[in-house]
Amino acid sequence: MTNNFKKILICGLGSIGRRYLRIINKNWPEVKIAVLRSGFGPNCEEIKLIDHQTSDLRESIYWAPDAAIISSPANLHVDQAIALGDSGIPCLIEKPLGSGNETFKKWEKILHLSYSVPMLVGYILRHDPCAILIKKKLDENLLGNVVEADFHCGSWLPNWRPETDYLKTVSARKELGGGVLLELSHEIDIANWLLGPIKINHSNLNPSGLLPIDVEDRAYLFAENENRVPISIRINFCSEPTTRKVIIRGEKGEIFWDIALGKLEIRNENQVIFQYENNLDRDSLFLIQIQYFLDCIFKNKKPKCSVSEGKYVLDLVQTAKNIHRLNQ
């Protein structure tokens, strides 16, 4: 753990913000924590862990944090990152990087800032040891030529945050950057990281009708990479039970990753040739990401997911939406 880390700002105190707060307090108890929040959120137990609270971003900057975690609604991410970056404050920006509705001028600004101020986009699956092993095995050409791949995540949105009315959450609200494409864009990012760069050729975003919300609750994307490998990305938050799996098939074998269970297998025709189980709970994975963020600040590590890569995921999301509209 670094000794240069004394003050941190958390922007937003939703479920992810509260998770970051608990993890930082537990692992860096000496660090002072400030929270920037609108004041409209519910009271929570984690409030007792903070040292300073404000609803003013300028006041937060004046507090002079060594780093900031942006876990506010997606439509606020870019503006907050620009303001913090202009003051030289490194940022861990929770996914998605933005809502996709930001101006070209703002994208130019945040990209320029990210070249001099450490900025890491929080696509946490990139930090999962299973994902890192898969990338290594693919780079070693263990499967030979990749033939096809499938990335799937299905869950039931009302169960995500049982203590909260899901209809009031970011996930269910279009104006805050909700919808399954942005909320489950982890799958888009990890497909792009492992096999990309990818492009979207077809999308189906027709709503299931199972949830009374004004955002897409399921998405089927058909993509391909530069080698014309067909890649399906199937995501929804309108089904049970929760499942999250990646299958990559090649001429010499198959990679099977059960993300929910943290289990990885690589098989050929006759046997399992590689097995790994990460045994990490969700907090442990977030801890790995926070430590990596600090290493970007204090040890000059390259961000695992850069602002430009986070922007590319948003571009893929926008492409999917555009293709769907054209096919209506």
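In what order do the 6 strands of the open sheet run, and is their pairing parallel or antiparallel? The order is S3-S2-S1-S4-S5-S6, and the pairing is parallel, where two strands count as paired if DSSP finds at least two bridges between them. Strands here are DSSP runs of E with at least two residues, and helices are runs of H or I with at least four, both numbered from the N terminus.

Before I go on, this is a predicted model, in which local features need pLDDT of at least 70 and side-chain atom pairs count only at pLDDT 80 or more, while totals for chains, interfaces and linings use all residues. Residues are numbered from 1 along each chain as its sequence is written, and side-chain values use heavy atoms, with hydrogens and water left out.

Back to the sheet. Strand S3 (52-54) and S6 stand at the edges with a single partner strand each, so one side of each is left without a neighbour in the sheet. From one strand to the next, the twist averages 15 degrees, with axes taken as lines fitted to C-alpha atoms, for helices over the stretch in contact, and angles running from 0 to 180 degrees between N-to-C directions. At the S3 edge, S2 and S3 pair in the parallel sense over 3 bridges, and leucine 36 has threonine 54 in S3 as its bridge partner.

Helix H1 packs on this sheet, touching S1, S2, S4 and S5, and its direction makes about 165 degrees with that of S1. The helix covers residues 15-27, and its 13 residues reach 18 Å from the first C-alpha to the last, close to the 18 Å expected at 1.5 Å a residue; the expected span is 1.5 Å times one less than the number of residues. Which residues of H1 are buried? They are Gly17, Arg18, Arg19, Tyr20, Leu21, Ile23 and Ile24, where buried means under 20% relative accessible area, exposed over 50%, and partly exposed in between, with a 1.4 Å probe and protein chains only. These buried residues pack against strands S1 (7-11), S2 (32-36), S4 (67-70) and S5 (91-94), and against helix H8 (282-298), contact being heavy atoms within 4.5 Å.

The pairing of H1 with H8 deserves its own description. Their axes are 10 Å apart and the packing angle is about 75 degrees, which makes H1 roughly perpendicular to H8; by the convention used, under 35 degrees is roughly parallel, over 145 roughly antiparallel, 65 to 115 roughly perpendicular, and the rest oblique. On the H1 side the residues that meet H8 include Tyr20, Ile23 and Ile24, and on the H8 side they include Phe286, Leu287 and Ile290.

H8 itself has 17 residues, which should span 24 Å at 1.5 Å a residue, and its end C-alpha atoms are 25 Å apart, which agrees. Its buried residues, among them Phe286, Gln289, Phe293 and Cys296, pack against H1, S4, S5, S6 and H5. Just after H8, asparagine 300 takes a positive phi of about 60 degrees.

Now to the charged pairs. The count comes to 25 salt bridges, a salt bridge being a side-chain nitrogen of Lys or Arg within 4 Å of a carboxyl oxygen of Asp or Glu. One of them joins the side chains of aspartate 189 and arginine 126 at 2.8 Å, N to O. Aspartate 189 lies in helix H7 (residues 186-195) and arginine 126 in the loop between strand S6 (119-122) and helix H5 (129-139), so this pair ties together parts that are 63 residues apart in sequence. Both aspartate 189 and arginine 126 are buried.

A second example is lysine 311 with aspartate 315, at 2.7 Å, N to O. These two are 4 residues apart in helix H9 (residues 307-326), and are therefore separated by about one helical turn. Lysine 311 is buried at 18% relative accessible area, whereas aspartate 315 is partly exposed at 33%. Elsewhere, salt bridges that share partners join Glu148, Arg249, Glu254, Glu265 and Arg267 into one network. Within that network, the side chains of glutamate 265 and arginine 267 meet at 2.9 Å, N to O.

Lastly, valine 78 sits in helix H3 (residues 74-86) and is buried, with a relative accessible area of 1%. Leaving aside residues up to four places away in sequence, valine 78 touches Leu97, Gly98, Glu102, Lys106, Trp107 and Ile110. Of these, glutamate 102 is 24 residues from valine 78 in sequence and 7.7 Å away in space, C-alpha to C-alpha.
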